[in-house]
Each structure stands twice: as C-alpha cells, then as structure tokens.
Amino acid sequence: MMRSVTRSMTPYIQFKQVSKSFGSVRVVEHLDFDIAHGEFVSLLGPSGSGKTTILMMLAGFEAPSSGTIHVAERRIDQLPPHKRDMGVVFQNFALFPHRSVAENVAFPLQMRGMDRGKIAPKVARALEMVKLGHLGERRPAQLSGGQQQRVALARALVFEPEVVLMDEPLGALDKQLREHMQLELRDLHRTLGLTVIFVTHDQSEALTMSDRVAVFNNGRVEQIGTPQQIYDAPQTRFVAEFVGETNLIEAQIDTVDQGGARVQAGGLAFLVDEAGGRGPGEAINLSLRPERIRLGDDASVGNALPAQIADWVYQGDHVRVHLQAGELMLVAKLDRRSREWPVGSAVIASFEPDDCRVVPA
C-alpha cells in the first residue's frame with residue numbers, strides 16, 4: 001500500500017460549476033473547486049453550509065443538479081458509487097455488528113469479487129496499518145470508539161483507493177482521542193500518499209490536518225488556502241469570525257500612504273499595513289486576533305492603545321483578558337504565566353500594524 005507522497009498541483013479532482021438543490025432549496029451553488037493528487041483538503045463550515053452534500057456528490061450518493069465532477073480527467077458524476085473506487089469513512093463508522101473486525105474490513109474486497117486467497121493478506125495489511133492486527137477476531141461491540149474508528153478507516157483503505165472521503169469521522173470521539181486520531185490520520189495520509197477530502201465543522205481539526213482548507217458558507221466557497229492563509233489572512237468577515245476567534249473592529253480610514261493607513265475606531269487612532277483599496281473617509285472592517293495583543297505599562301512598540309482591564313479569566317493553557325479601549329471592547333489571549341493585572345487596572349494594549357487585516361463586510 002505504500003505510495004509516493006510527491007504531490008502535483010495539476011487538478012486531480014475537479015468540480016465544474018456544480019450545483020445541488022433539494023426541491024426549492026439550493027444547498028450548493030456553482031462550485032468550481034480543484035484538488036491536487038495527494039492533497040489533504042478539509043471542507044470546513046457550519047451545519048447547512050453544503051460541505052457534506054459536496055462529499056456525497058463526490059462519493060456518488062447524491063447526483064449534482066447541474067455541473068460535472070471529474071477525477072483524473074474522467075467524468076464520474078454519472079457513475080455509480082462502486083465504480084468510483086473511493087474509500088468512505090462516516091461519523092457513525094457503519095460497521096456490521098454481527099461480523100468480526102476482519103470480516104468488516106474484508107467486505108469491500110468481497111463485494112468486488114476478489115479471490116478468497118487474496119483477501120486475507122490484504123485485510124491483515126490494512127489492520128496492521130491502523131495498529132489493530134491483533135484484534136481481527138473481535139466484534140465491533142468489543143472495541144473502544146477509537147478502535148472502531150480505525151476499523152472503519154482500514155475498511156476504507158483495504159482496496160487501495162486513490163481517494164478517501166471522510167465525513168466528520170472523529171466527531172463521536174472524546175477530545176483527547178480525537179486529537180490523537182487527527183495526528184494518526186495525518187501521518188497515514190503522508191505515508192500512503194492518499195488524496196483525502198475531509199468534512200468537518202471543527203476549525204482546529206481542519207487547521208491541524210490539512211494541506212488546504214476550503215471554508216464554506218451557504219453553499220459557496222468563502223476562501224480556499226493553506227491553514228496559515230485561512231487563519232492569518234482571512235478574506236471575508238465570515239472566515240475571520242468562523243475560523244478561530246477575532247476582534248472585529250469597525251473603523252474609518254483617516255489617511256492613506258504607501259506605508260499603510262491611519263484609521264479611527266472607537267475614539268482611538270492607530271495604524272494598519274493596508275487599507276483594502278479604500279480611501280480617506282471610507283469605512284472598513286479589521287480583524288485582530290486576540291493572541292496578537294500584548295499588555296504593558298508603556299507605549300513604546302507598535303500601536304499602543306490606552307485600555308482598562310474589564311475581566312481576567314484563567315483558562316489553563318492561556319489567560320483570556322477583556323479590555324475596554326476607548327469605545328472598543330477587545331479580547332486578548334496571553335501566556336498563562338503573564339503578569340496579572342487586577343480588574344480595573346489601566347494598561348497599554350499594543351499590537352503591530354500588520355496584525356490587523358482588512359476584511360470585506
């Protein structure tokens with residue numbers, strides 16, 4: 001099952017003007033979306049954003065209302081699911097309770113008419129790959145949630161598909177096990193060179209595992225990019241607010257020059273690196289991530305706003321600080337070992353001009 005992990009940015013999976021309606025409700029609208037061979041791409045968005053429907057159309061369980069889907073330059077949207085050679089892993093695992101682990105994993109091979117003599121070694125390799133080779137004779141009910149998830153993954157991989165589709169496969173696991181499985185899935189992807197399309201509503205999960213993330217909202221792509229691009233350079237207000245946490249600041253441009261812009265917000269003035277193509281007097285939205293804000297006693301670095309501590313909340317791995325800066329209410333995230341100011345203390349909240357990103361309304 002070992003494959004080269006070399007990736008090409010030549011489109012391998014292509015959605016061309018794909019739309020999907022259920023009655024009068026349009027859930028996916030004019031989707032143009034390319035995935036390279038060997039990529040791990042997460043479809044991220046809230047419930048009802050269309051991401052699962054996109055996965056189901058790719059798997060063949062739903063048909064597009066319009067548009068076409070291609071894999072390796074072959075149109076597949078008119079093919080039945082079993083002729084697409086895609087492994088699929090669902091959130092509920094969908095294991096046969098009356099069959100052993102090995103029999104569950106063998107099922108896709110049996111459905112493809114493979115000789116019995118060839119099935120056993122393939123099943124053994126798939127189970128070893130997910131570290132369950134010693135549990136082949138057990139029934140699903142005798143396994144933990146994480147082990148059942150691995151069985152479902154082995155079943156999706158046993159026939160050596162080029163593409164693996166995953167629909168919220170970790171959603172039923174507890175936090176610690178989910179984070180562990182995220183890293184295991186990422187390692188398997190890198191080792192096998194699979195093309196993985198992963199549906200999730202968990203921003204941290206998408207950022208942890210993906211080569212690229214596609215953020216969906218109301219059946220449309222809001223932004224596609226690397227995890228760093230999605231988090232650090234959101235292109236829309238929805239992405240800025242949905243992925244991670246942000247301080248969204250409504251501001252007005254004061255002056256613009258080649259070095260950036262001076263803006264007014266909440267009765268305060270500060271600098272940003274760029275003005276989003278807008279000029280003096282125009283309104284803009286700014287995204288400022290909480291971890292970019294620093295607190296101190298002086299105004300010697302970056303933008304420095306006089307503020308007052310409104311609340312100080314210890315949250316284990318970090319401290320969450322609510323600030324009143326002029327008319328602005330801001331949230332800062334600090335290291336848990338940071339100096340503690342009593343509520344009501346006057347502080348200087350500072351950040352660099354390039355910490356603020358202009359986002360369209």
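Cavities, a pocket and a sheet

Guide: In this predicted model, the count of cavities of 30 Å³ or more comes to 2.

Visitor: What makes the largest cavity a cavity and the largest pocket a pocket?

Guide: A cavity is a set of points where a 1.4 Å probe fits but cannot get out, whereas a pocket is an open set. The largest cavity has a volume of about 50 Å³, and the largest pocket has about 510 Å³.

Visitor: Which residues line the largest cavity?

Guide: Its lining consists of F40, L153, L157, M166, L185, L188, H189, L194 and V196. Two elements, α4 and α5 (175-192), give two or more residues each, and α5 gives the most, with 3.

Visitor: How do you know how many residues of that lining are nonpolar, polar or charged?

Guide: Leu, Met, Phe and Val count as nonpolar, and His falls among the polar because it is in neither the nonpolar nor the charged list. The lining therefore divides into 8 nonpolar, 1 polar and no charged residues.

Visitor: And which residues are closest to the centre of the largest pocket?

Guide: Of the 20 residues that line the largest pocket, F61, M86, F107, P108 and R112 are the closest to its centre. The elements giving two or more residues to this lining are β6 (86-90), α2 (101-111) and α4 (145-157). The largest share, 4 residues, comes from β6. By class, the pocket lining has 14 nonpolar, 2 polar and 4 charged residues.

Visitor: Why are β6 and β10 called edge strands?

Guide: Each of them pairs on one side only. The open sheet has 6 strands in the order β6-β7-β8-β3-β9-β10, with mixed pairing. From one strand to the next, the twist averages 15 degrees.

Visitor: What makes β7 and β8 a pair?

Guide: Two strands pair if there are at least two bridges between them. Strand β7 (residues 163-167) and strand β8 (residues 195-200) are joined by 5 bridges, so they pair. The two run parallel, and D167 stands opposite V199 in β8.

Visitor: Where does α4 lie?

Guide: Helix α4 lies across β6 and β7, and runs at about 165 degrees to β6.

Visitor: Why is A332 called buried?

Guide: Buried means under 20% relative accessible area. A332 has 0%, so A332 is buried. A332 is found in strand β18 (residues 328-335). Leaving aside neighbours within four places in sequence, A332 is in contact with P290, I293, V319, R320, V321 and L323.

Definitions and conventions
Residues numbered from 1 in each chain as written. Predicted model: local features only at pLDDT ≥ 70, side-chain atom pairs only at ≥ 80, totals over all residues. Heavy atoms only, no water. 1 Å grid on protein atoms, 1.4 Å probe; cavity = no way out; pocket = protein on both sides within 12 Å on 5 of 7 lines; lining within 4 Å. Points joined across faces, edges and corners; volume = space filled by probe spheres on them. Axes fitted to C-alpha atoms, helices over the stretch in contact; angles between N-to-C directions. Contact = heavy atoms within 4.5 Å. Buried < 20%, exposed > 50% of the residue type's maximum accessible area, 1.4 Å probe, protein only.
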